[in-house]
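New to this one? Have a look at the sequence and the fold first, then use the notes as a guided tour.

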Amino acid sequence: MTIHLPPRTVTDRPTLANWLRAPYNRWSFQHVREITPTAAIARGTGPVMELPEAPLPLGEREVTYTSHPDDGGATGSEPLARLLERTYTDGFLVLHRGRRVFEHYDNGMTPATVHLCMSISKSITATAVGRAVADGTLSPEDLVGDLVPELAGTGFADATVRHLLDMRTGTAPMTAGQARTDMEATLWAPMSRPGVNTDLTSYFAEWQNDRPHGGDFQYRSALTCVLARVAEHVTGTRLPELVSREVWQRIGAEREAEICVDGHRNALADVGVSCTLRDLARFGEAMRRNGSVDGVEVVPRAWVADTLVPDADQRPAFVRHGARYLPGPGAYYRNQWWVVESGPQGAIYMALGIHGQLLLVHEPAEVVVAKFSTWPQGWSTLLAEDTISACVSLAASLADG
């Protein structure tokens, strides 16, 4: 296969107007705090989760990739090193049974560099919410309008927390104009006119429904911001501090993470987290171990189990609109994770973000894969299908190692 790659080098400084576009994102995704405001996600003072090194020459290993049947269902293979090069990889880390068997950096990234996670942020946010569910502060069946007074009487009023977690609200898609205003409100784009409201939460009440809540899965990124608002109300804690307390400190992160904030310091729960590759892998490893690290429950075990047991109608509700993101009869979306399959032998599930961010947990193979990338476009079906299937095949190849 011949892939024509766009330019990869930055010849002038990225700005707020171009930082999300290639080739500027090659620099800006590792320097988000120099582009837009962020808040710290502290790691605390506790011990760091150890990731002992046990290197394997995986760069030479052939990985198999398969495209979606709608895209021809083609299957191919290539060395892992070639896949990483053509998918604009900035960092790639493989854990097998908690050991670092392969670690690769490019584009100036190092183990100490934080990188934008994009929508992997959703899975991190939802895991912080999982602690509130586990301790009884919040129930998935609670109504949003009962929990957040400013959303009473809006389109979200009779949506449940479960609807937000699984993206099964009736929320209509944003128009192009709304999307532009949202980018400006979150300080991810320059203001196109005076007076744009920089309070992201002020837009929640304006979103309309085009179907009942509880129907098909429909990917709506901003639902995670609503979920974060719910969590802040019931816990009395701002999201950066909540993620720090309930996720980052507990998993034994090595370094501080950060999250983008709007003009009123509201966190961008859906796309705004930046962290190091190793700490992202630690998050995945804590999930792989069913929430326990060294005998300590760092993520509620019941929350991990709930993520991997779909409701009876979850798979049918997903396949009608979700299969274009994640094909397969066993796939579904729950608790802001993409589940490839789950069963008696264990689950395979992922957190995904545009421009090529990936965190894969492969329970049967006891493998975690973390990948930071800077694809030229936000979403590429070709790159997504190749990356996901290749990483699953790589994990499977380690199962007996």
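What follows is a short tour by topic, from the annotated region to single residues.

Keep in mind that this is a predicted model. The UniProt record, an unreviewed entry, annotates residues 91-377 as "domain: Beta-lactamase-related". Over that stretch the chain is 30% helix and 18% strand, and the end C-alpha atoms sit 18 Å apart.

**The largest pocket**

- The largest pocket has a volume of about 1000 Å³. Its lining counts 38 residues, and the ones closest to the centre are Y219, R220, S221, A222 and D270.
- What sort of residues make up the lining of the largest pocket? They divide into 21 nonpolar, 11 polar and 6 charged.
- Helix 6 (176-185), helix 7 (223-235) and strand 13 (348-353) each give at least two residues to this lining. Helix 6 has the largest share, with 4 residues.

**Helix 7**

- Helix 7 has 13 residues, so at 1.5 Å a residue it should span 18 Å, and its end C-alpha atoms are indeed 18 Å apart.
- Its buried residues are L223, T224, C225, V226, L227, A228, V230, A231 and E232.
- Which helices do those buried residues of helix 7 pack against? The partners are helix 3 (120-134), helix 4 (144-147), helix 5 (161-165) and helix 8 (239-248).
- Right behind helix 7 comes G236, with a positive phi near 70°.

**Helix 9 and the loop before it**

- Helix 9 covers residues 277-288, which makes 12 residues. From first C-alpha to last it reaches 16 Å, close to the 16 Å expected at 1.5 Å a residue.
- How many residues of helix 9 are buried? The count is 12 of its 12. Charged names turn up in that list too, including R278, D279, R282, E285 and R288.
- Just after helix 9, N290 takes a positive phi of about 55°.
- T276 is in the loop between strand 8 (273-275) and helix 9. With a relative accessible area of 1%, T276 is buried.
- Leaving aside residues up to four places away in sequence, T276 touches P111, A112, T113, V114, R255 and F372. One of these, R255, is 21 residues away in sequence, and the two C-alpha atoms are 7.3 Å apart.

**T87, a buried loop residue**

- You'll find T87 in the loop between helix 2 (80-86) and strand 4 (89-96).
- Is T87 buried or exposed? Its relative accessibility is 0%, so T87 counts as buried.
- Not counting residues up to four places away in sequence, T87 touches K371, S373, W375, L383 and T387.
- T87 and L382 are 295 residues apart along the chain, yet 9.8 Å separates their C-alpha atoms.

**E297, out on strand 10**

- E297 lies in strand 10. At 39% relative accessibility, E297 counts as partly exposed.
- Setting aside residues up to four places away in sequence, E297 is in touch with R131, R250, G291 and S292.
- How far apart are the C-alpha atoms of E297 and D182? They are separated by 37 Å, with the two positions 115 residues apart along the chain.

**Backbone oddities worth a click**

- A22 and P23 are joined by a cis peptide bond, with omega at about 0°. P23 belongs to the segment before helix 1 (25-28).
- D294 has a positive phi, near 55°, and is a residue other than glycine. D294 sits in the loop between strand 9 (292-293) and strand 10 (296-297), and is exposed because its relative accessible area is 73%, over the 50% cut-off.
- Q336 also has a positive phi, about 65°, although it is not a glycine. Its place is the loop between strand 11 (332-334) and strand 12 (337-341).
- Is Q336 buried or exposed? Q336 is buried, because its relative accessible area of 1% is under the 20% cut-off.

Technical notes: Residues numbered from 1 in each chain as written. Predicted model: local features only at pLDDT ≥ 70, side-chain atom pairs only at ≥ 80, totals over all residues. Heavy atoms only, no water. 1 Å grid on protein atoms, 1.4 Å probe; cavity = no way out; pocket = protein on both sides within 12 Å on 5 of 7 lines; lining within 4 Å. Points joined across faces, edges and corners; volume = space filled by probe spheres on them. Expected span 1.5 Å × (residues − 1). Buried < 20%, exposed > 50% of the residue type's maximum accessible area, 1.4 Å probe, protein only. Contact = heavy atoms within 4.5 Å. UniProt positions renumbered as here; feature names shortened; annotations may be inferred.
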